[in-house]
Amino acid sequence: MSIVEEVLEITLRSLAVSGTATLLASTWSVPLAYILAKPGRLRGLIASILEALVGIPTVLLGLALYMLFSRSGVLGFLHLLYTAKAIVVGQAILVTPLITVTACRVLKSARESFEEMALALGADDLQAMAIALRESLPGVASSVVMGFSRAVGELGIALMLGGNIRGATRVLTTAIALSVSMGEYDLALYLGAILVAISVLVSVTVKLLEEVQGP
Amino acid sequence: MIIELKGVWFAYPGSRRYALRGVHMRVEGGRVVMIEGPNGAGKTTLLKVLALLYRPVKGAVLVNGDDYWSLDPRTQLSLRRRVVYVHERPILLRGSVLENVALGLKLRGVPGAISGALETLRAMGLEYLAERKWRELSAGEAQLVSIARAVAVQPELLLLDEPMAHLDEDRRELLVEILRELKSRGVGIVVASHWPQDELLRIGIDRVVRVVGGEVRAL
């Protein structure tokens, strides 16, 4: 396999793994965000805990999941360690607080404005909820995209749960780390440029989505 | 349609402070009530209780003599659809003015909602805005569009929160004309304003109440 083919393969794997993790996390994060967007003390407490977890070090989460997925761990029977699936699970857990917290802010604002406006105009509860969700869609999508950005750029989980196995679990961040450790700085920079390009693309997408969402 | 508040107390979830304190009030079709009072006095909260959006923590909201919050959800919805509240800050959906004005009609499943919305815009002299997108409107235009959206569903009671806030002199004049026309058709109108405005007096106000610290005083 040529170096270009290998870089392409690593890039595609990074996108696939982090994309899957982000989509997986969205399936529970967005409904959770909608629930937390309602007023209530318990909901406020849960939101505060999630906010604190947004910046959790990936190495710490990677270590915790490594212990769970290792052969002697509680979830060792799943044989997930050193597979791309393990990275997906780890990254999905990593981005859950970020997606939930940011989507919650959007949905809270939508509930307070669009949902109440719809009710004031004669909507039933379901119609009002549908309107609030529809109007907050660009903002929620922006939260999901931010989650993807966090996932694709993390190293700790991919390294500890994936093991950086060539052709199987090597992603952009682990490949960069390996290149640096082997003194292949040109390759590391090349891979880094791809990662930066992905991040820039993600940032532009978020910006566009936020413009659609409006003030 | 008559809505009566009987000793209504209201506090926002998580707050120990009452935004409304033992309010007694009555609004009905064909009458115009102006609610005045300083910022934070409870005018908006009062309007939202009258709009059947906020459930009081104490007291009763009677609609045509029935305790609204004891009724079944279906009856509540059909009564709530006869009252429309318009926010102080216009809240418009992404999309065109026409789609926004048609919203209330669509929610009620009215056939020909778009043509109904167009008719309302025409009647209010706002037809020229029909195809404009929500982002292309000035604050005053957005305010008039949100009022048009309320008018389109032909409410029996129209509750307006600071409706003149974003309007210039010409548009205030237009709104006064619209409200006078609605009053003449038997629509009950409640207008909240934090300062007395001459234009509002020209609608033909039947009663003025002052809200201070969550309490209502008749003037």
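Here are legends for a set of views of chain B, taken from a predicted model.

**View 1. Chain B as a whole.** We start with the full fold, which has seven helices and ten strands. Its radius of gyration is 17 Å, close to the 17 Å that the globule rule gives for 219 residues, so chain B is as compact as a globular protein of that length. Laid along its principal axes, the C-alpha trace spans about 45 × 40 × 35 Å. Buried residues account for 53% of the 219 in the chain. As for contacts between residues at least 6 apart in sequence, 68% of them join residues at least 24 apart.

**View 2. The surface of chain B and its charges.** The accessible surface adds up to about 9,600 Å², and carbon and sulfur atoms own 48% of that. Chain B carries 32 positive and 26 negative side chains. Take the centre of each set, and the two points sit 7 Å apart.

**View 3. An open sheet of four strands in chain B.** The strands line up in the order 2-1-4-5, with antiparallel pairing. Strand 2 (18-28) and strand 5 are the edges; each has a single partner strand, so one side of each has no neighbour in the sheet. Strand 1 (residues 2-11) is tied to strand 2 by seven bridges, and the two run antiparallel. To find your way around, look for Glu4(B), which stands opposite Arg26(B) in strand 2.

**View 4. Asp66(B) in an edge strand.** Asp66(B) belongs to strand 5 (residues 66-67), one of the strands at the edges of the sheet. Asp66(B) is partly exposed, at 42% relative accessible area. Once neighbours within four places in sequence are set aside, Asp66(B) is in contact with Val61(B) and Leu71(B). Glu169(B) is a long way off: 103 residues along the chain from Asp66(B), with 41 Å between the two C-alpha atoms.

**View 5. Leu52(B), a loop residue with positive phi.** Leu52(B) sits in the loop that links helix 1 (43-50) to strand 4 (58-63). Its phi is near 65°, a positive value in a residue that isn't glycine. Leu52(B) is also buried, with just 1% relative accessible area.

**View 6. Gln154(B), with positive phi in another loop.** This loop runs between helix 5 (139-152) and strand 7 (157-161), and Gln154(B) is found in it. Gln154(B) isn't a glycine either, yet its phi is positive, at about 50°. With a relative accessibility of 62%, Gln154(B) counts as exposed, whereas Leu52(B) is buried.

Terms used
Residues numbered from 1 in each chain as written. Chains lettered and ligands numbered in written order. Predicted model: local features only at pLDDT ≥ 70, side-chain atom pairs only at ≥ 80, totals over all residues. Heavy atoms only, no water. Rg over C-alpha atoms; globule rule 2.2 N^0.38 Å. Buried < 20%, exposed > 50% of the residue type's maximum accessible area, 1.4 Å probe, protein only. Contact = heavy atoms within 4.5 Å. Areas by Shrake-Rupley, 256 points an atom, 1.4 Å probe, with all protein chains shown as cover. Lys, Arg positive; Asp, Glu negative; His and termini not counted. Charge placed at Lys NZ, Arg CZ, Asp CG, Glu CD. Pairing = 2+ DSSP bridges.
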